[in-house]
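Here's a quick briefing to read with the model open beside you. Let's start with the overall layout and then zoom in on the helices and the core.

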Amino acid sequence: MEAIQVELERIVNSKPFVASPRLVRFLRYCVEQTCDGRLESLKESLIGVHVFDRLPSYDPKVDPIVRVHARRLREKLDIFYDSEGWSDLIIRLPKGGYVARFEETAPQPTANLSPQAEPVMEESSWSAPRRGGRRTSIAIALCAAGLAVF
């Protein structure tokens, strides 16, 4: 749970997100609801009410604000991880839903530096994280385990 919170703060305080308070609110809501196990509150109609201040009668078929911002949020997360770099934990919002997904990534590369040689990457000691690559998905189990500790 602590690793998720650290990564969330890293994201929301980054350049791509600082000027986007609605996306920050949306991301926080999705991550917090996922970690708290309140998946029933991650429905489009409830997100419209709780995140985007729509009336309880909000109809997502008439007003696509949640879907539009979900697309923007996914794009900003891609920009964040492309520009700010990867970390040990990646937060995603997969298409087709609003349940946050947490992925562990492979360790970052380390350089083998010798005084007279150019930096050389040790290929066998790491694998670069990439979209669709082999990463261990953590998902909700990590959140539940983290909550059980508290």
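Going along the sequence, the order of elements is α-α-α-α-α-β-β-β-β-β-α. That gives six helices and five strands in the protein. Keep in mind that this is a predicted model.

**The whole chain**
- The protein has 150 residues, and 36% of them are buried.
- Take the contacts with a separation of 6 or more: 52% of them are between residues 24 or more positions apart.

**Helix α1, a helix with sides**
- α1 runs over residues 2–12, and its buried residues are Ile4, Glu7, Leu8, Ile11 and Val12.
- These buried residues sit on the same side of α1, because they cover an arc of only 130° around the axis.
- Why can residues that are spaced out in sequence share a side? An α-helix has 3.6 residues a turn, so those three or four places apart point the same way.
- Look at the other side of α1 and you'll find Glu2 and Val6, which are exposed.

**Helix α3**
- α3 covers residues 21–35, which is 15 residues, and at 1.5 Å a residue it should span 21 Å. The C-alpha atoms at its ends are 21 Å apart, so the model agrees with that expectation.
- Plenty of names to spot here: Leu23, Val24, Phe26, Leu27, Tyr29, Cys30, Val31, Gln33, Thr34 and Cys35 are buried in α3.
- Just after α3 comes glycine 37, with a positive phi of about 75°.

**The nonpolar core**
- The largest nonpolar core has 32 residues, and the ones touching the most other members are Phe17, Phe26, Leu27, Val31 and Ile47.
- Which elements give two or more residues to this core? They are α1, α3, α5 (65–83) and β1 (89–92).
- α3 gives the most to this core, with eight residues.
- Phenylalanine 26 is worth clicking on: leaving aside neighbours within four places in sequence, its contacts are Ile47, Val51, Phe52, Val66, His69, Ala70, Leu73 and Tyr98.

**Where α1 meets α5**
- The axes of α1 and α5 are 11 Å apart, and the two helices pack at an angle of about 95°. Angles of 65 to 115 degrees count as roughly perpendicular, so that is how α1 lies relative to α5.
- To find the meeting point, look for Glu7, Arg10 and Ile11 on the α1 side, and Leu77, Phe80 and Tyr81 on the α5 side.
- Two of those α1 residues, Glu7 and Ile11, are also in the buried set of α1.

Methods. Residues numbered from 1 in each chain as written. Predicted model: local features only at pLDDT ≥ 70, side-chain atom pairs only at ≥ 80, totals over all residues. Heavy atoms only, no water. Buried < 20%, exposed > 50% of the residue type's maximum accessible area, 1.4 Å probe, protein only. Helix = DSSP H or I, 4+ residues; strand = E, 2+ residues; numbered from the N terminus. Arc of directions from axis to C-beta. Expected span 1.5 Å × (residues − 1). Core = buried A, V, L, I, M, F, W, Y, C linked by side-chain atoms within 4.5 Å. Contact = heavy atoms within 4.5 Å. Axes fitted to C-alpha atoms, helices over the stretch in contact; angles between N-to-C directions. Parallel < 35°, antiparallel > 145°, perpendicular 65-115°, else oblique.
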